[in-house]
Amino acid sequence: MSLLGFGSNLLITSNSSSLPFSSSSYLSFLPSSHHHFALTGRKNLVLRAENFGTKSDTKLIDMTESGKELPELNRNLYPPIEPYSTGFLKVSDIHTIYWEQSGNPNGHPVVFLHGGPGGGTAPSNRRFFDPDFYRIILFDQRGAGKSTPHACLVENTTLDLIDDIENLRQHLEIPEWQVFGGSWGSTLSLAYSQAHPDKVTGMVLRGIFLLRKKEIDWFYEGGAAAIFPDAWESFRDLIPENERSCFVDAYNKRLNSDDKETQFAAARAWTKWEMMTAHLLPNEENIKKGDDDNFSLAFARIENHYFVNKGFFPSDSFLLDNVDKIRHINTTIVQGRYDVCCPMMSAWDLHKAWPEADFKVVPDAGHSANESGIAAELVAANEKLKNLIKTGH
């Protein structure tokens, strides 16, 4: 049995066939104004547990008796699709970013903010969205993916990326759009939405990363090594013992070396460390990304650049301190319980600061959006926002 929180409420799910409802029962939820979920099986039941974490009155309501019908939410990835338009947008004297659109040209716009920073987009990113309903916009952030110049750190800050998102929105003549981002994409989603709350219709966030010192220290200074000591050794051993007081700084020195092979060696080690820890169970296809020097160089250099500069935020708690600016935006937070890259403490802190947002904890998942439980929750979150838009909520 697993427990998932929603705001101040509690969602209980189970895959056990011993329970009095089918293990294949799907989970669907009501409009956010109700702040509770439906559990469907032999009967449609809503379990409401107010004040999560405290003793409370629990009420079971038979939805069939109330006469209310709950919308069924698709939880399966949509089939692969191709873009209907692509292009490049010059965003500075130095940088040009790649963008693409797929799905319905007249649909509700949604922008996908990739992770890393430096990770770039992939065709599979389109599959989280209903292509009949959504106008799906993907773009590669500065220095990443197909954007140029590759792996460039000059004029590459969070504020620059926020401006790029706005420039792209205006370039595509989009009045407002839904924002979707995981890992660093969740960081950028929060930062962009706090800067332009009037341009955001809803948000889906995954693998919350607030770019605080304790999060960087956890993953890059030895915390996560307690769980993945085997993967950690290769990352650690690239750095001489006398430089191990700060791995982020030591890697920064090598990723910005004048020697290209020194850069590539550091980039491979940095990237493999993250790819080996991104799934609850090892994913060989993901780990192989560390062997791709082109991908690794952008991924490692840009990530490290942002981490050395503390995300270019004015304070460690900047994103949490500014939640009030976006509190009104319909948002779902999806977090893998065993996320080692972006541990659940950050999602929990965001949930406590923002209890109005849906909070979904996947009990058998790590960090990656491609894990089945996380992918299902991400699709369902988009479906919920789709239903709210269709019904005018």
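This section describes the overall make-up of a predicted model and then turns to a group of paired strands, a buried histidine, the cysteines and some unusual backbone positions.

The secondary structure of the protein comprises 12 helices and 14 strands, and of its 393 residues 55% are buried. Among contacts with a separation of 6 or more, 68% are made by residues 24 or more positions apart in the sequence. The accessible surface amounts to about 17000 Å², and carbon and sulfur atoms contribute 51% of this area.

Strand 12, which spans residues 200–206, is paired on the one hand with strand 11 (residues 177–182), the two running parallel and being joined by 5 bridges. On the other hand, strand 12 pairs with strand 13 (residues 331–336), again in the parallel sense, over 4 bridges. Arg206 takes part in both pairings, for it is the bridge partner of Gly182 and also stands opposite Val334 in strand 13. Of the 7 residues of strand 12, 6 are buried, so the strand is largely enclosed by the rest of the structure.

Together with helix 3 (residues 184–195), strands 11 and 12 form a β-α-β unit that is right-handed. Helix 3 consists of 12 residues and reaches 17 Å from its first C-alpha to its last, which is close to the 16 Å expected at 1.5 Å a residue. Because 11 of its 12 residues are buried, helix 3 is also largely enclosed by the rest of the structure; the buried residues include Trp184, Leu188, Leu190 and Tyr192, as well as Ser186, Thr187 and Gln194.

His367 is placed in the loop between strand 14 (358–362) and helix 12 (372–390). With a relative accessible area of 6%, against a cut-off of under 20% for burial, this histidine is buried. When neighbours within four places in sequence are left aside, the contacts of His367 are Ser183, Arg206, Gly207, Ala278, Asp339, Cys341, Cys342 and Ile374. Arg206, one of these contacts, is thus the residue already described as the partner of Gly182 in the pairing of strands 11 and 12.

A disulfide is a covalent bond between the sulfur atoms of two cysteines. The structure holds 0 disulfides, although cysteines occur in it, among them Cys341 and Cys342, both in contact with His367. Two further cysteines fall into separate classes of accessibility: Cys152 counts as buried at 13% relative accessibility, whereas Cys246, with a relative accessible area of 24%, is partly exposed.

Several backbone positions deserve separate mention. The peptide bond from Gly116 to Pro117 is cis, with omega near 0 degrees, and Pro117 lies in the loop that connects strand 9 (108–113) with strand 10 (134–139). A cis peptide bond is also found from Thr148 to Pro149, where omega is near -5 degrees; Pro149 belongs to the loop between strand 10 and helix 2 (158–171).

Positive phi values in residues other than glycine are found at Glu173, where phi is near 55 degrees, and at Leu211, where phi is about 55 degrees. Glu173 is located in the loop between helix 2 and strand 11, while Leu211 is located in the loop between strand 12 and helix 4 (213–220). As to their surroundings, Glu173 counts as exposed at 69% relative accessibility, whereas Leu211 counts as buried at 4%.

Key:
Residues are numbered from 1 along each chain as its sequence is written. This is a predicted model: local features need pLDDT of at least 70, side-chain atom pairs count only at pLDDT 80 or more; totals for chains, interfaces and linings use all residues. Side-chain values use heavy atoms; hydrogens and water are left out. Buried means under 20% relative accessible area, exposed over 50%, partly exposed in between (1.4 Å probe, protein chains only). Two strands pair if DSSP finds at least two bridges between them. A crossover is right-handed if, with the strands pointing away from the viewer, the path from the first strand over the helix to the second runs clockwise. Contact means heavy atoms within 4.5 Å. A disulfide is a pair of cysteine sulfur atoms within 2.5 Å. Accessible areas come from the Shrake-Rupley method with a 1.4 Å probe; for residues, only the protein chains shown count as cover. The expected span of a helix is 1.5 Å times one less than its number of residues.
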